[in-house]
Amino acid sequence: MSAAAAEADVKMLARLPGNTVCANCGTTKKLGFSSVCIKFGSFVCNSCKSAHQAISHRCKSLSMSTWSESEVEALRMCGNDVVRNTWLANAPSTGTNGRPQEGDCINVFKSFVMHAYDQK
């Protein structure tokens, strides 16, 4: 798979309905998000990307990064629906009990990501 084909596949995955809603905070972006948290295989908004990076979770840009075939395949197997049903299955509703929503302070995002992913 060429680098261009891998990038095209990742961009196509970003536009799947489940991946256009940030798994962490519920932010919606019709054409998909521009970043992926590699560790969990989720497409994330900019605030959640910053929160993941703050605790050393590797994130990549859809268009500014080079994608390997194995990374594309991992994203095919994961995605935001899988993250919502595994890592976030017991998380509170968006905007309640510490779970961020669009517009919240970045510290709310960081606290939630740390608790939901690293303190399990």
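A residue counts as exposed when its relative accessible area is over 50%, as buried when that value is under 20%, and as partly exposed in between. These words are used in that sense in the legends below, which describe a predicted model.

**View 1. Ser 56, an exposed loop residue with a positive phi.** Ser 56 has a relative accessibility of 68%, and because exposed means over 50%, the residue is counted as exposed. Its place in the chain is the loop between helix H2, which covers residues 46-54, and strand S3, which covers residues 59-61. Most residues other than glycine have a negative phi. Ser 56, although not a glycine, has a positive phi of about 70 degrees.

**View 2. Asn 97, a second residue with a positive phi, in the loop between H4 and H5.** Asn 97 is not a glycine either, yet its phi is positive, at about 50 degrees. The residue is found in the loop that joins H4 to H5, and with a relative accessible area of 73% it is exposed.

**View 3. The aromatic cluster formed by Phe 40, Trp 87 and Tyr 117.** A search of the whole structure finds 3 aromatic pairs. In the pair made by Phe 40 and Trp 87, the ring centres are 4.8 Å apart and the planes stand at 80 degrees, so the arrangement is edge-to-face. Phe 40 belongs to the loop between strand S1 (35-37) and strand S2 (42-44), while Trp 87 belongs to the loop between helix H4 (80-85) and helix H5 (106-118), so this pair ties together parts that are 47 residues apart in sequence. Phe 40 counts as buried, at 6% relative accessibility, whereas Trp 87, with a relative accessible area of 31%, is partly exposed. Trp 87 also forms an aromatic pair with Tyr 117, and this one is tilted, with 6.0 Å from centre to centre and 35 degrees between the planes. The pair of Trp 87 and Tyr 117 again links distant parts of the chain, since Trp 87 lies in the loop between H4 and H5 and Tyr 117 lies in helix H5, 30 residues apart. Tyr 117, at 4% relative accessibility, counts as buried.

**View 4. Lys 60 over the face of Trp 67.** In this view the side chain of a lysine meets an aromatic ring, with Lys 60 lying over the face of Trp 67 at 4.4 Å from the ring centre.

**View 5. A salt bridge within helix H1, between Lys 11 and Glu 7.** Side chains of opposite charge can pair when their charged atoms come close. A search of the whole structure finds 6 salt bridges, and one of them joins Lys 11 to Glu 7, with 2.9 Å from N to O. Because the two residues are 4 apart in helix H1, which covers residues 3-14, they are separated by about one helical turn. Lys 11 is partly exposed, with a relative accessible area of 30%, and Glu 7 also counts as partly exposed, at 21% relative accessibility.

**View 6. Arg 76 and Glu 73 in helix H3, with Asp 9.** Arg 76 forms a salt bridge with Glu 73, in which the closest N and O atoms are 3.0 Å apart. The partners are 3 residues apart in helix H3 (residues 69-77), so about one helical turn separates them. Arg 76 has a relative accessible area of 35% and is partly exposed, and Glu 73, at 36% relative accessibility, is counted as partly exposed. Together with Asp 9, these two residues are linked in a network of salt bridges.

**View 7. A salt bridge within helix H4, between Arg 84 and Asp 81.** The side chains of Arg 84 and Asp 81 meet at 2.7 Å, N to O. Being 3 residues apart in helix H4, they are separated by about one helical turn. Arg 84 is partly exposed, with a relative accessible area of 23%, and Asp 81 is partly exposed as well, with a value of 41%.

**View 8. The largest pocket and its lining.** The volume of the largest pocket is about 170 Å³. The lining consists of 12 residues, and those that lie nearest the centre of the pocket are Ala 91, Pro 92, Phe 112, His 115 and Ala 116. By residue type, the lining divides into 5 nonpolar, 6 polar and 1 charged.

Conventions: Residues numbered from 1 in each chain as written. Heavy atoms only, no water. 1 Å grid on protein atoms, 1.4 Å probe; cavity = no way out; pocket = protein on both sides within 12 Å on 5 of 7 lines; lining within 4 Å. Points joined across faces, edges and corners; volume = space filled by probe spheres on them. Nonpolar A, V, L, I, M, F, W, Y, C, P; charged D, E, K, R; others polar. Phe/Tyr/Trp six-rings, centres within 6.5 Å; stacked < 30°, edge-to-face > 60°. Buried < 20%, exposed > 50% of the residue type's maximum accessible area, 1.4 Å probe, protein only. Lys NZ or Arg CZ within 6 Å of the ring centre and 35° of its normal. Salt bridge = Lys/Arg side-chain N within 4 Å of Asp/Glu carboxyl O.
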